[in-house]
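This report describes a protein chain from its sequence and model. Please keep both in view while reading.

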Amino acid sequence: MKKILSLLLCLCLLFSAAALAEDTAAAELQDTDVLATVNGTELTWADVAPVYDSLVSSYGNYYDLTDSANVELFRAVAMQNKINEVIMQAKIAELGIALTDEEAAAAEEDAQSDWDNAISSYISQQHSDLTDESSQEDKDAANAEAVQYFNDLGYSPESLKENYKQYALYDKLEATIVQDVTVTDEEVEALYQELVESDRTLYENDIAAYVDYNNYVDQMATYAMYYGTDSSMDYAWYRPAGFRAVKHILLPVDDELMQTYQDLQARLEEQVESATEGDEESAAAAEETADAEATAEPTEEPVTQEQVDEAKAAILASIADKIDEIYAKIEEGVDFDELIAEYGVNEDGTASDPGMTSEPYKTSGYEVSSASTNYVAPFVEAAFSVDNVGDVSAPYISSYGVHIVKYIADIPAGPIEMTEAQREAKRTELLTSKQNELYTATMDQWNQEADITYTGLTPSYADIEAREAAAAEAAAATADDTAADDTTADDTAADGE
């Protein structure tokens with residue numbers, strides 16, 4: 001119901017910790033067991049257990065908690081979290097940090113809102129049959145069940161309000177720690193140059209990889225929009241050679257004519273594919289296929305290329321007058337943007353391709369390469385069917401209609417300029433990163449300065465890190481010994497020869 005602040009689980013350790021598992025199960029702990037003492041304050045299992053339970057609730061399904069190593073790691077992280085809280089509370093008192101009345105009221109409002117949402121969510125999941133017409137008795141019973149469920153987990157509106165006010169104090173402490181952190185223009189520029197150089201290495205000689213990556217960014221943005229989340233992925237910062245800018249007039253066509261053409265084209269492609277696969281079959285398989293076809297129900301007549309061409313010609317004939325008018329006006333020197341506005345429209349007057357009437361594409365056109373897969377193939381073919389800037393393609397048919405494409409500019413290879421909005425976003429990223437680094441370093445320093453004593457009832461986070469490091473070192477030494485033995489064996493064999 002509220003994220004755990006300060007130290008969070010280092011998930012990579014959870015994978016390697018399994019290798020450190022011992023035959024014995026993790027020790028049972030009692031609420032009164034003292035796990036550590038921090039500046040004279042005792043931490044018992046009762047203090048640590050709620051944090052442990054929260055970690056298990058968040059991550060437990062992904063890891064084997066019958067494995068003592070994983071249990072001990074979860075406990076160690078929970079214990080370190082509570083140690084950090086004790087240290088932070090002492091620093092809050094030392095620095096005289098307190099909530100204003102407004103801040104305390106806001107924290108309580110957040111707590112109450114989260115509580116209400118949790119109750120509503122529980123009821124909607126566990127009592128989906130309840131409606132506005134349900135009896136008040138049934139509604140009250142469901143509400144009481146939800147309240148009891150969260151009470152059993154240790155939550156209540158009162159405890160949440162106190163916790164949220166404590167979290168708000170932690171936030172103010174963190175703000176105090178990082179208040180002097182800044183990011184310079186030079187640091188933003190240095191980051192930009194690093195990004196450009198990294199992407200230049202990746203894409204300068206691999207235009208397909210560049211296209212695939214940018215398509216992935218678009219896909220993630222679509223998912224984010226669909227699910228109501230944010231996508232912070234950047235497009236590649238270096239564009240390889242091979243792109244040109246184009247605009248097009250998209251002429252809508254009759255739906256029935258388009259459907260006929262697409263059906264015939266699809267059937268012809270299936271026939272070609274089937275024939276190719278048939279050529280690869282063995283003689284026996286081919287004979288078996290022939291026997292099966294002899295007894296099968298009659299199928300549709302094969303589609304010929306001539307039929308596809310006739311369907312294509314029918315589409316072009318249906319809008320021949322418009323096509324002739326467009327090319328005549330192009331010959332007269334009419335501005336291509338004017339032709340897009342005049343002819344690139346649906347019957348209802350809306351733009352057939354809204355991209356051509358909205359920025360940045362209205363001005364700059366579409367960036368297309370021969371490797372582009374984010375546009376339909378006929379559009380890409382049309383874009384590269386002409387050789388010189390200013391040339392206009394013949395009509396090309398796609399599932400969207402008929403495209404008349406103008407080659408308006410070459411797009412040079414090189415770094416993609418960072419906009420001011422992107423620059424400010426990078427400044428924010430750098431600021432957050434520097435603040436996190438300072439906060440982590442400060443917490444590490446405070447931990448080192450604190451008087452912390454572990455009782456040994458459960459390993460500390462530092463113990464687990466040391467144990468893992470020792471295991472990794474031992475594994476490396478074993479690998480070196482094995483390699484040395486193999487070398488000696490090879491030398492001995494060579495001497496024997």
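What percentage of the 497 residues in the protein chain is buried? Buried residues account for 32% of them, where buried means under 20% relative accessible area, exposed means over 50%, and partly exposed lies in between (1.4 Å probe, protein chains only). The model is predicted, so local features need pLDDT of at least 70 and side-chain atom pairs count only at pLDDT 80 or more, while totals for chains, interfaces and linings use all residues. Residues are numbered from 1 along each chain as its sequence is written, and side-chain values use heavy atoms, with hydrogens and water left out.

**Overall make-up**

The protein chain contains 17 helices and 9 strands. Helices (H or I, at least four residues) and strands (E, at least two) are DSSP runs, numbered from the N terminus. About 29800 Å² of the protein chain is exposed, and carbon and sulfur atoms supply 49% of this area; accessible areas come from the Shrake-Rupley method with a 1.4 Å probe, and for residues only the protein chains shown count as cover. Of the contacts between residues at least 6 apart in sequence, 74% join residues at least 24 apart. A contact here means heavy atoms within 4.5 Å.

**The sheet of E2, E1 and E9**

Three strands form an open sheet in the order E2-E1-E9, with antiparallel pairing. Two strands pair if DSSP finds at least two bridges between them. Strand E2 (41-44) and strand E9 (452-454) are at the edges with a single partner strand each, so one side of each has no neighbour in the sheet. On average, neighbouring strands of this sheet are turned by 20° against each other, direction ignored; the axes behind such angles are lines fitted to C-alpha atoms, for helices over the stretch in contact, and angles run from 0 to 180 degrees between N-to-C directions.

Strand E1 (residues 34-38) pairs with E2 over 4 bridges in the antiparallel sense. Within this pairing, Thr 37 has Glu 42 as its bridge partner in E2, and Ala 36 has Leu 43. The two strands E1 and E2 make a hairpin with 2 residues between them, and Asn 39 in the turn has a positive phi of about 50°. E1 also pairs with E9 in the antiparallel sense, over 3 bridges. There, Thr 37 has Thr 453 as its bridge partner in E9.

**Strand E4**

Strand E4 (residues 243-251) has 9 of its 9 residues buried, so the rest of the structure largely encloses it. In a regular strand, side chains alternate between the two faces of the sheet. In E4 both faces are covered: Phe 243, Ala 245, Lys 247, Ile 249 and Leu 251 are buried on one side, and Arg 244, Val 246, His 248 and Leu 250 are buried on the other.

E4 pairs with strand E5 (residues 366-369) in the antiparallel sense over 4 bridges, and Phe 243 has Ser 369 as its bridge partner in E5. E4 also runs antiparallel to strand E7 (residues 401-411), to which 9 bridges join it. In that pairing Leu 250 stands opposite His 403 in E7.

**Salt bridges**

The count of salt bridges comes to 17, a salt bridge being a side-chain nitrogen of Lys or Arg within 4 Å of a carboxyl oxygen of Asp or Glu. The table lists some of them.

| Pair | N to O distance | Separation along the chain |
|---|---|---|
| Arg 467 and Glu 72 | 3.3 Å | 395 residues |
| Asp 185 and Arg 427 | 2.7 Å | 242 residues |
| Asp 234 and Lys 426 | 2.4 Å | 192 residues |

Arg 467 lies in helix H17 and Glu 72 in helix H3 (residues 68-95). Arg 467 is partly exposed at 25% relative accessibility, whereas Glu 72 is buried at 14%. Asp 185 belongs to helix H7 (residues 185-203), and Arg 427 to helix H16 (residues 420-449). Asp 234 sits in the loop between H8 and strand E3 (238-239), and Lys 426 is in helix H16. Lys 426 is buried, with a relative accessible area of 6%. Elsewhere, salt bridges that share partners join Glu 108, Glu 162 and Lys 165 into one network.

Helix H17 (residues 461-496) also contains Glu 465, which is partly exposed with a relative accessible area of 41%. The C-alpha atoms of Glu 465 and Leu 73 are separated by 9.6 Å, although these residues are 392 residues apart along the chain.
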